[in-house]
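Here is a short set of questions on how the labels for this model are earned. Look it over first.

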Amino acid sequence: MSLFKALLQGKWLGHPLHPALVHLPTGLFPAALLFDVIGRSGDDADVVARCAFWAIAVGLIAAVAAAPTGLADWWEIKSGKPAHRLGLIHASINVVVLALMSTSLYMRWRAGESKASPPTMAFVTNILGNVMLAISAYLGGRMVFDRGVGVARLSKKTWEKIARAGRARLPVE
Amino acid sequence: MLKDFLQGKPLGHPLHTMLVHLPIGLFLLSFIFDVASKLIYTPQRSAGFVMPAYYTMSMGVFFALVAAVPGFADYTSIRRDHPARKTATWHMLLNLGVVVLYIVNLAIRQRTHDPFETEVGRTPFVLSIIALAMLSVSGYLGGKMVYDEGVGVGRHRRKKGRTPRETIVTDGTISEGDLGEGDSLRLDINGTIVAVAKVDGTIYAFQDFCTHRFGPLSEGSFEGTNVRCPWHGSCFDMHSGKVVEGPAKTDIRAFAVEVRDGQVRIRVTDEV
């Protein structure tokens, strides 16, 4: 179990796996929204529709893969900490994002993957999904940059060496 | 002011790390389209994957250039002798290479206007592979900067004052003029690394390393007589070195400061 958790947390990689994987959904869902907007106003509507379809599809696959890695990171946070609650909200909103983006993808697939203009509801769910994503991704960023989740988790020994060389008082184990 | 905005201070979170999701996602998707164009037969160019690959790549280049601006603003704030400085330099150079490769790639693709071409050509395909490989390395270095080296973590909490530009090697005496209100310095006093800060007119000196995971207290935020570690928020009294708030459990070293005739003298004892 602990080996599995270490794998999910990215110990083998040397830095947390979850923030690396989430680049795909977090990058591709907004891109899909941009493609939808471009498709409504310009040429090559079928090409853009295909871009949007696959941006959502690839983003969803990566999002599903990223979920267990996020859960493994969250497991480590003590339940009294502010980051624990942040993580819970982050995860709950992400479930909503997944539901909205899956719906959007399903509607596109039903209408034909590269149909020049995707159904209106596919566009609307894409917008809503991206709004929710913006909130949850922001919370994810705050967990790292405000609360330091995952920071110096794997580099603790390196920093300890530097601190020792700098004649710092070290924590008593 | 502009730098604060680019570094994401009003947002409480760096801008660069947020924006880079787009090029990373788009370049990978573009490559997936490249592969699809080779594996899946399509009768016409318009119905195939060549154009989507081109579109996603263009958008990726656009956002990579947008992300470069706050990235550079972050770069200028890294202390010159910090281990992350080297990582950041490599990260930047690799990314510049990636963008150049993708621009060349796009130019080659643009020249091919054959409506019946349904497969991405060999040269642009190989260029995509090389650029993506470089991007993986630079993305990894970006992650290393945040998660191993703590760049940008807790930075937004520091409301005013300059963080150290480099570690100053000294025998323990500095000029008072080097330290403005709210500023902090990082000194190397005969091997002991000391953070010095001027808060509400008082100068404090204490060990630079937090006793939790050794975060840089010279880059922390100051609240009254306390310093807060930028990484995990441990709080110490700057005068006594005592822990005010965890996660750290061990007090830091605090050093006696003497100000006389515009000179600041920090006395470092042998006892750790």
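Q: How much area does chain A expose, and what share do carbon and sulfur atoms supply?
A: Chain A exposes about 8500 Å², with 69% from carbon and sulfur atoms. Accessible areas come from the Shrake-Rupley method with a 1.4 Å probe; for residues, only the protein chains shown count as cover. This is a predicted model, where local features need pLDDT of at least 70, side-chain atom pairs count only at pLDDT 80 or more, and totals for chains, interfaces and linings use all residues. Residues are numbered from 1 along each chain as its sequence is written, chains are lettered from A and ligands numbered from 1 in the order in which they are written, and side-chain values use heavy atoms, leaving out hydrogens and water.

Q: Why is A:Phe4 called partly exposed?
A: Buried means under 20% relative accessible area, exposed over 50%, partly exposed in between. A:Phe4 has 47% relative accessibility, so it counts as partly exposed. The residue is found in helix α1 (residues 2-9) of chain A.

Q: How many helices and strands does chain A have?
A: Seven helices and zero strands. Helices (H or I, at least four residues) and strands (E, at least two) are DSSP runs, numbered from the N terminus.

Q: Why is chain A called more spread out than a compact globule?
A: The globule rule is 2.2 Å times the number of residues to the power 0.38, and the radius of gyration is taken over C-alpha atoms. For 173 residues the rule gives 16 Å; chain A has 20 Å, well over that, so it is more spread out. Its C-alpha trace spans about 65 × 30 × 30 Å along the principal axes.

Methods
Buried < 20%, exposed > 50% of the residue type's maximum accessible area, 1.4 Å probe, protein only.
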